[in-house]
Amino acid sequence: LKANIRAKKREEFRQQLQEKTVEDISESSFFDPRISAKPSIRNKRALRFHEPGKFQQLADRMRMKAQLEKLQSEISQIARKTGISSATKLAQIAPKIETQLDEIPAVEWWDSVILTADTYLNEEGYPPIKAQTITNLVEHPIQVKPPSEPLKTVHMHVFLTKKERKKLRRQNRREAWKEEQEKIRLGLEPPPEPKIFVFKSSCESRTL
């Protein structure tokens with residue numbers, strides 16, 4: 001076949017090119033035999049696609065960080081006005097290291113400011129709480145979506161029986177008829193023209 005002949009010719013041409021390049025390099029005075037000569041053929045690069053929803057998750061994280069910074073600035077401004085020192089400490093709360101979604105920390109970052117250790121219970125079985133940090137202020141942390149939750153809401157399709165489809169069609173026709181009658185009654189639409197029925201006798205139909 002011609003296709004096989006063309007493929008053989010291509011392979012022979014490539015081999016000749018490789019042999020020529022090796023001979024040209026070996027003849028030069030700067031040739032190093034330890035370095036293998038690569039052919040002048042460029043390999044094709046495979047396409048790498050991003051996972052769906054990756055950049056949306058990054059944007060959500062950036063928005064959450066911006067909201068957290070805004071909340072911290074508002075709390076610090078209120079603390080400066082009122083003179084509450086503990087509120088400024090609450091405003092400086094921020095996660096030090098960006099933990100992965102699958103990891104569960106020993107202590108949440110919003111609780112670390114009121115605890116003396118990295119545990120919720122000490123050796124005696126009581127939480128190690130700093131008494132100076134507890135005030136009448138309440139902080140609401142930003143809600144984070146769970147990683148297992150899908151990005152888009154999935155709706156189940158409803159399949160109706162034959163009787164239900166007939167009933168639904170009948171109701172829709174009745175609603176449309178009522179709406180049309182209401183428009184005619186209010187004068188928004190002209191009334192329909194009267195229907196004229198022409199009855200023909202059997203003799204007339206035969207002659208026609």
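Helices here are DSSP runs of H or I that span at least four residues, and they are numbered from the N terminus. Keep that in mind for the α labels in the views below, and remember that this is a predicted model.

**Figure 1. The whole chain is built with 5 helices and 0 strands.** Follow the chain along its sequence and you read α-α-α-α-α. How much of the chain is buried? Of the 208 residues, buried ones make up 8%. The accessible surface adds up to about 20900 Å², and carbon and sulfur atoms own 55% of that. Now take contacts between residues at least 6 apart in sequence: 30% of them join residues at least 24 apart.

**Figure 2. D60 and R63 pair up in a salt bridge.** Before zooming in, here's the idea behind this kind of view: side chains of opposite charge can pair when their charged atoms come close. How many salt bridges does the whole structure hold? A search turns up 3. In the one shown here, the closest N and O atoms of D60 and R63 sit 2.7 Å apart. Both residues belong to helix α2, which covers residues 54-82. Because D60 and R63 are 3 residues apart in that helix, about one helical turn separates them. D60 has 33% relative accessibility, so it counts as partly exposed.

**Figure 3. E179 and K183 meet in helix α4.** Their side chains form a salt bridge, with 4.0 Å from N to O. Why is the gap between E179 and K183 about one helical turn? It's because they are 4 residues apart in helix α4. Are these two buried, exposed or partly exposed? E179 is partly exposed, with a relative accessible area of 47%. K183 is partly exposed too, and its value is 30%. Partly exposed covers the range between the buried cut-off, under 20%, and the exposed cut-off, over 50%, so both values fit.

**Figure 4. R185 and E182 form another salt bridge in helix α4.** For this pair, the side chains meet at 2.3 Å, N to O. R185 and E182 lie 3 residues apart, which is about one turn of the helix. How exposed is each partner? R185 is exposed, since its relative accessible area is 59%. E182 is partly exposed, with 36%.

**Figure 5. A positive patch sits on the surface.** Which residues make up this patch? Here's the list: K162, R165, K166, K167, R169, R170 and R173. One of them, R170, lies in helix α4. That helix runs over residues 162-186.

**Figure 6. V158, L160 and L168 make a nonpolar patch on the surface.** Taken together, these three have about 280 Å² of accessible area. Where does V158 sit? Look in the loop between α3, residues 85-91, and α4. With 70% relative accessibility, V158 counts as exposed, because the cut-off for exposed is over 50%.

**Figure 7. V113 and K130 have C-alpha atoms 8.3 Å apart.** Along the chain, V113 and K130 are 17 residues apart. V113 lies in the loop between α3 and α4. Is V113 buried or exposed? V113 is buried, with a relative accessible area of 17%. Buried means under 20%, so V113 makes the cut.

**Figure 8. Q132 and I114 have C-alpha atoms 8.4 Å apart.** This pair is separated by 18 residues along the chain. Q132 lies in the loop between α3 and α4. Q132 is exposed, and its relative accessible area is 64%.

**Figure 9. V144 and M64 have C-alpha atoms 8.7 Å apart.** How many residues apart are V144 and M64 along the chain? The count is 80. You'll find V144 in the loop between α3 and α4. As for cover, V144 is exposed, with a relative accessible area of 53%.

Notes. Residues numbered from 1 in each chain as written. Heavy atoms only, no water. Patch = residues over 30% accessible without salt bridge, like charges linked within 9 Å, V, L, I, M, F, W, Y side chains within 5 Å. Areas by Shrake-Rupley, 256 points an atom, 1.4 Å probe, with all protein chains shown as cover. Helix = DSSP H or I, 4+ residues; strand = E, 2+ residues; numbered from the N terminus. Buried < 20%, exposed > 50% of the residue type's maximum accessible area, 1.4 Å probe, protein only. Contact = heavy atoms within 4.5 Å. Lys, Arg positive; Asp, Glu negative; His and termini not counted. Charge placed at Lys NZ, Arg CZ, Asp CG, Glu CD.
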